[in-house]
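Q: Got a minute to walk through this model with me? I'd like to start with the metal site and then look for empty space.

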Amino acid sequence: MHNKIDLFNQTINEIEKIWSINKKLSDFVNFPKNLVLKEKSNNKINVTNILLDWKLEDNHKFEKLHNLISNLSPLVSWDNGYNENEVGKEFLNKYGFFELIGPTGHFETTDMALYVNFLDMNSHYPWHNHEAEELYFIVSGEAKFEKGNEAPVILKPEDTCFHKSYQPHRITTTNKKILSFVIWKNKFENVSKIVDPKGL
Ligand SMILES: [Fe+2]
């Protein structure tokens with residue numbers, strides 16, 4: 001039990017450290033003070049073990065952070081966010097997130113929400129949007145990000161991507177997985193919805 005609490009707290013400390021040296025993160029939202037781990041049961045989905053098995057070598061920029069999150073994987077409450085009718089079964093086997101910090105997170109706050117987001121290789125997360133303003137921060141791996149009518153960009157560790165309220169966006173991976181933080185502010189109680197690209 002003690003190890004479990006240590007692991008959660010070490011992860012939060014590591015995230016706070018990165019926040020303090022990354023202006024994109026600190027300009028988007030202040031890191032919440034005095035976070036306390038609350039009792040929340042774990043929920044395993046298909047990607048839980050894929051992330052647990054994904055460890056980084058020590059020459060990677062975020063090796064420590066990535067491996068802490070990988071070790072947390074079996075202890076957190078994973079979610080798919082969508083149902084099979086919306087995104088298909090294959091996608092649900094390759095995608096998942098958990099709310100590490102937020103109104104219903106492992107660390108509770110109403111100041112912001114930080115979801116840890118995992119997408120396996122050869123995946124396509126279709127166009128979707130939500131009311132909350134969002135910042136993606138890439139921890140490891142890479143993916144193609146598209147938003148609105150803008151040209152696609154390949155995002156890698158330390159890159160960020162901002163999405164305005166209700167701005168449609170989609171993510172595609174090829175031969176690499178991606179682990180990222182999805183940070184929400186303002187109206188984070190409303191969930192993400194798949195949108196029709198023809199409506200763009
Ligand atoms: Fe989003």
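A: Sure. First, what counts as a donor: an N, O or S atom within 2.8 Å of the metal, with water not among the atoms, so sites may look incomplete. Also keep in mind that this is a predicted model.

Q: Fine. What spacing do the donors of the iron ion follow along the chain?
A: The pattern is H-x3-E-x34-H.

Q: And which protein atoms are the donors of the iron ion?
A: His 130 and His 169 each bind through NE2, and Glu 134 is listed with two OE donors. They lie 2.1 to 2.3 Å from the iron ion.

Q: Why is the arrangement irregular?
A: Because the angles subtended by the 4 donor atoms run from 57 to 141°. To be tetrahedral, four donors would need all angles between 85 and 135 degrees.

Q: Where do Glu 134 and His 169 lie?
A: Glu 134 is in strand β6 (residues 133-141) and His 169 in strand β10 (residues 169-172), so the pair links parts 35 residues apart in sequence.

Q: Is Glu 134 buried or exposed? And His 169?
A: Glu 134 is buried at 2% relative accessible area, and His 169 is buried too, at 1%.

Q: New topic: how many cavities of 30 Å³ or more?
A: The count is 1 cavity, with a volume of about 30 Å³.

Q: What lines the largest cavity?
A: Asn 117, Leu 119, Tyr 136, Ile 171, Ile 178 and Ser 180. Of that lining, 4 residues are nonpolar, 2 polar and none charged. Strands β4 (113-119) and β11 (178-185) each supply at least two of the lining residues.

How values were computed
Residues numbered from 1 in each chain as written. Predicted model: local features only at pLDDT ≥ 70, side-chain atom pairs only at ≥ 80, totals over all residues. Heavy atoms only, no water. 1 Å grid on protein atoms, 1.4 Å probe; cavity = no way out; pocket = protein on both sides within 12 Å on 5 of 7 lines; lining within 4 Å. Points joined across faces, edges and corners; volume = space filled by probe spheres on them. Helix = DSSP H or I, 4+ residues; strand = E, 2+ residues; numbered from the N terminus. Nonpolar A, V, L, I, M, F, W, Y, C, P; charged D, E, K, R; others polar. Donors = N, O, S within 2.8 Å, 3.2 Å for Na, K, Ca; no water. Tetrahedral: all angles 85-135°; square planar, octahedral: opposite > 155°, others 65-115°. Buried < 20%, exposed > 50% of the residue type's maximum accessible area, 1.4 Å probe, protein only.
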